[in-house]
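Biologist: Please take a close look at one part of this model, the nonpolar core. Walk me through what builds it and what lies around it.

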Amino acid sequence: MTPEDLVDILQIFGSSPFARLELALGPVRLAVNRAAPATVARSVDPPPIPDAAQVAAPRLGIFHAGRESGAPAFVQPGTRVDADTTVGIIRVLQEQTLVKAGVAGTVVDVLVGDGEFVEYGQTLLRVCRI
């Protein structure tokens, strides 16, 4: 485990709803407790738009709207996408997962910001189908 891995783990833990984290990798053991239980404010999914598809997070982690934090976003409202268009990246430790639109259409809403922690299945953006 590298120092960068530890930083990533602590960043994810800091954004998570969990009060305790224990991790053991060989001889390395990490245990972190919060002083008080964490609360996570999660917005309710917006009302449906006719003919709109929701693009959900394929895993939990830190969402990046562009190639890296602070880089221009892959998409924004008004961007036309195809099913295989990359709309973001979810990063956990040193592993990155490309998030694809999964549908052709126009992006109408981006519901999470760059650098936000997302949960598996959380709606990231909505696409109005063509």
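Modeller: The largest nonpolar core has 18 residues. Val87 and Leu124 have the most contacts inside it. This is a predicted model. Three elements give two or more residues to this core: β3 (52–56), β6 (86–92) and β10 (123–129). Of these, β10 gives the most, with three residues.

Now take Leu124. Leaving aside residues up to four places away in sequence, Leu124 touches Val55, Ala56, Ala57, Phe63 and Ile90. Leu124 also touches Val99, Val110, Leu111, Val112 and Val118. Apart from the largest core lies another one, of five residues. Ile9, Phe13, Leu21 and Val32 are among them.

Next, the sheet. Four strands form an open sheet, in the order β7-β6-β4-β9. The pairing is antiparallel. Its edge strands are β7 (95–100) and β9 (117–118), and each pairs on one side only. Between β6 and β7 there are six bridges. One bridge involves threonine 86, whose partner in β7 is lysine 100.

Strand β4 (residues 61–64) holds histidine 64. This histidine counts as buried because its relative accessibility is 12%, and buried means under 20%. Histidine 64 touches Ser69, Gly88, Ile89, Arg91 and Asp114, again leaving aside residues up to four places away in sequence.

Terms used. Residues are numbered from 1 along each chain as its sequence is written. This is a predicted model: local features need pLDDT of at least 70, side-chain atom pairs count only at pLDDT 80 or more; totals for chains, interfaces and linings use all residues. Side-chain values use heavy atoms; hydrogens and water are left out. A nonpolar core is a set of buried Ala, Val, Leu, Ile, Met, Phe, Trp, Tyr and Cys residues joined through side-chain atoms within 4.5 Å. Buried means under 20% relative accessible area, exposed over 50%, partly exposed in between (1.4 Å probe, protein chains only). Contact means heavy atoms within 4.5 Å. Two strands pair if DSSP finds at least two bridges between them.
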